[in-house]
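User: Got a minute to walk through this one with me? I'd like the overall picture, then the ligand sites.

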Amino acid sequence: MSSCLEEKHSRIFVTGPIIVGAGPSGLSVAACLSNRGVPSVILERTDCLASLWQKRTYDRLKLHIPKHFCELPLMKFPRNFPRYPSKQQFISYVESYAARFNIKPVFNQTVEKAEFDVASGLWTVKTQDVVYSSTWLVVATGENAEPVIPDIPGLEKFTGPVVHTSAYKSGSEFANQKVLVVGCGNSGMEVCLDLCRYNALPHMVVRNSVHVLPRDFFGLSSFGIAMTLLKWFPLKLVDNLLLLLAIFSLGNTDRLGLRRPKTGPIELKNVTGKTPVLDVGAISLIQSGQIRVTQAVKEITKKGAKFVNGQEMEFDSIILATGYKSNVPYWLKDNSFFTKEGMPKTPFPNGWKGENGLYTVGFTRRGLLGTAFDAVKIAEDITDQWMKMNGPLSSSNDNSFFTKEGMPKTPFPNGWKGENGLYTVGFTRRGLLGTAFDAVKIAEDITDQWMKMNGPLSSSNVCSSHIIHFHFNKS
Ligand SMILES: Cc1cc2nc3c(=O)[nH]c(=O)nc-3n(C[C@H](O)[C@H](O)[C@H](O)COP(=O)(O)OP(=O)(O)OC[C@H]3O[C@@H](n4cnc5c(N)ncnc54)[C@H](O)[C@@H]3O)c2cc1C
Ligand SMILES: NC(=O)C1=CN([C@@H]2O[C@H](COP(=O)(O)OP(=O)(O)OC[C@H]3O[C@@H](n4cnc5c(N)ncnc54)[C@H](OP(=O)(O)O)[C@@H]3O)[C@@H](O)[C@H]2O)C=CC1
Ligand SMILES: O=C(O)C(=O)Cc1c[nH]c2ccccc12
């Protein structure tokens, strides 16, 4: 915590919350706070907004649940967007969202360590070149922060390219190749589909059971149907209806090597986070043999793979569609709120608030719908505390404390203190005597607040030359 020990780091005190991550979740919290007049600072490791969408997804990606389930709080998608917006459309929506709420993250700041300092009651958040501190920390680094690279024996021996889906852009790089795709979630299925467009021959590894549902059913989205039914019927019944609908539209997927789990699709998503595949065409290509389904891999060889059934095959490239993981355990220290996998221990809808001013957004296993829910809750909660500390806010920047002639409206001896941390000294019409009076009062008042926020001071732990105060406009 001591600034003097972090010699190369400057210190920044943030008056509002520190939000880690400028994806849809971090931006949603900042927007809801800004809407209530509370400033915040977003720290983002990359140089752009929604970096998962901009840098780590393939070109042909579209949202696979209808747009109104993917809206961020306070701003709808443009009316002319299709039901399933493309990746580019989603990115442009996120960019307009940030512009609308005047959100300007601090880019290229990777949070390497964050911890709560009991003595000061503040969170200390360290990036590669700054130590930020604040009363509140909002974790918005996402469920998909890092790729999962599986520990398959021999993987390092393979002589061809090995690419995780987070680095896959398009099948053009794999045209006419025989490709091993490890994993059969939404990424695995959609990458196989994309590879087929470039005349590649994908072999998709299915080591376990998987739920596949049609994305649409008679012009309605399966996800939308499920959400509507869940308003009236119990989860198990809705899951059974979804399965009937899947069999009706896709046939028996068991015969294709895609066994279904015993637990229904929505229940499985809620309990384990495993997303059902929403089919956009891969199943018909499996039926026609353009995508081959294989058993689990036993080991990777120099030129290909050996499977658990003893079969051996050569491949030109390997694509790992093996999913993602949270990175919270790498940087959030001594925290009992998260599991060792970096997910909140308390399940949805109560996982958004921890202790000592800690919040999490977007760890609900419910996609952007979960993000919107968390963000609204967090902004309400922080705003309540902010109001107690700073008084009610006015949305305009006008200051009602001064007359239009620039003198405090409140006469001496009470004109030294305004609202929201505003003070005046030397406007008493009593010369230096008035100045001395104001100065003593102001120093007492600010010191009281400082002590509450930073704990008792000793001259040894204050490096005032390293402290930069961030105070954002509240609009
Ligand atoms: C291919 C794909 C498609 C998806 N499609 C949908 C969909 O159609 N509908 C849906 O609801 N959900 C979908 N999702 C789920 C996805 O999680 C959400 O869409 C959304 O991106 C979540 O937003 P987030 O802000 O929580 O996380 P992210 O979008 O991952 O944003 C987190 C941000 O935090 C930054 N960050 C991470 N660690 C640090 C650090 N230590 N310091 C500073 N910054 C850091 C990252 O760079 C990133 O910008 C999809 C996910 C994937 C992978
Ligand atoms: N259009 C869209 O909107 C899309 C959305 N997404 C979303 O992104 C998120 C991530 O999806 P995705 O990238 O598919 O990841 P998932 O976690 O959903 O799937 C990972 C897959 O990899 C398999 N796997 C993991 N490790 C191994 C291994 N060692 N050997 C063999 N198989 C392995 C898993 O199998 P097992 O079950 O056996 O562990 C599973 O089939 C999801 O929420 C998904 O819905 C993704 C793509 C498109
Ligand atoms: O695409 C994703 O990753 C999502 O999390 C969206 C989503 C949230 N809940 C679901 C249930 C079934 C399929 C997709 C989702």
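Analyst: Sure. Keep in mind that this is a predicted model.

User: OK. How many helices and strands does the protein have?

Analyst: Eleven helices and 23 strands. The C-alpha atoms fit a box of roughly 95 × 50 × 35 Å along the principal axes.

User: And what share of the residues is buried?

Analyst: Of the 475 residues, 49% count as buried. The accessible surface is about 23,500 Å², and carbon and sulfur atoms hold 54% of that.

User: What about contacts between residues at least 6 apart in sequence, how many join residues at least 24 apart?

Analyst: That would be 64% of them.

User: Let's go inside. Which residues have the most contacts in the largest nonpolar core?

Analyst: Tyr93, Leu195, Met204 and Leu258, in a core of 78 residues. There's another core apart from that one, with 22 residues, including Val20, Val130, Leu332 and Met343.

User: Any general reason to expect cores like that?

Analyst: Nonpolar side chains tend to be buried together in soluble globular proteins.

User: Back to Leu258, what is it in contact with, leaving aside neighbours within four places in sequence?

Analyst: Met189, Met204, Val206, Val210, Val212, Thr253, Ile283 and Ile286. Met204 is also one of the residues with the most contacts inside the core.

User: Switching to ligands. Which residues are closest to ligand 2?

Analyst: Lys62, Ser187, Arg207, Asn208 and Lys274 are the closest, out of 20 residues that surround ligand 2.

User: Which helix gives the most to that shell?

Analyst: Helix H4, residues 186-197, with three residues.

User: And what are the polar contacts like?

Analyst: Here are some of them. The side chain of Arg207 has an N or O atom 2.9 Å from an oxygen of ligand 2, and for the side chain of Asn186 the distance to a ligand 2 oxygen is 3.0 Å. Ala321 takes part through its backbone, with an N or O atom 3.1 Å from an oxygen of ligand 2. Overall, the protein covers 78% of the 920 Å² of accessible area that ligand 2 has on its own.

User: How does the shell around ligand 2 divide into nonpolar, polar and charged?

Analyst: Seven nonpolar, nine polar and four charged.

User: Now ligand 3. What surrounds it?

Analyst: His64, Ile65, Phe223, Lys269, Thr275, Pro276, Leu278, Arg366 and Gly367. By class that's four nonpolar, three polar and two charged residues.

User: Which side chains there have an N or O atom close to a ligand 3 oxygen?

Analyst: His64 has one at 2.7 Å, and Lys269 has one at 3.2 Å. Gly367 adds a polar backbone atom 3.4 Å from an oxygen of ligand 3. The protein covers 78% of the 360 Å² that ligand 3 has accessible on its own.

User: Last one: Ser326. Where does it sit, and is it buried or exposed?

Analyst: Ser326 is in the loop between strand E21 (324-325) and helix H9 (328-331). Its relative accessible area is 6%, so it counts as buried, the cut-off being under 20%.

User: What does its side chain reach?

Analyst: Two backbone atoms, among others perhaps: the oxygen of Gly342 at 2.8 Å and the nitrogen of Val328 at 3.2 Å. Setting aside neighbours within four places in sequence, Ser326 is in contact with Gly142, Glu143, Ala145, Glu341, Gly342 and Phe363. Gly342 therefore turns up in that contact list as well as in the polar contact at 2.8 Å, given the 3.5 Å limit for such a pair.

How values were computed. Residues numbered from 1 in each chain as written. Chains lettered and ligands numbered in written order. Predicted model: local features only at pLDDT ≥ 70, side-chain atom pairs only at ≥ 80, totals over all residues. Heavy atoms only, no water. Near = heavy atom within 4 Å. Polar contact = N/O pair within 3.5 Å; in protein donor to acceptor, adjacent residues only side chain to side chain. Areas by Shrake-Rupley, 256 points an atom, 1.4 Å probe, with all protein chains shown as cover. Nonpolar A, V, L, I, M, F, W, Y, C, P; charged D, E, K, R; others polar. Helix = DSSP H or I, 4+ residues; strand = E, 2+ residues; numbered from the N terminus. Buried < 20%, exposed > 50% of the residue type's maximum accessible area, 1.4 Å probe, protein only. Contact = heavy atoms within 4.5 Å. Core = buried A, V, L, I, M, F, W, Y, C linked by side-chain atoms within 4.5 Å.
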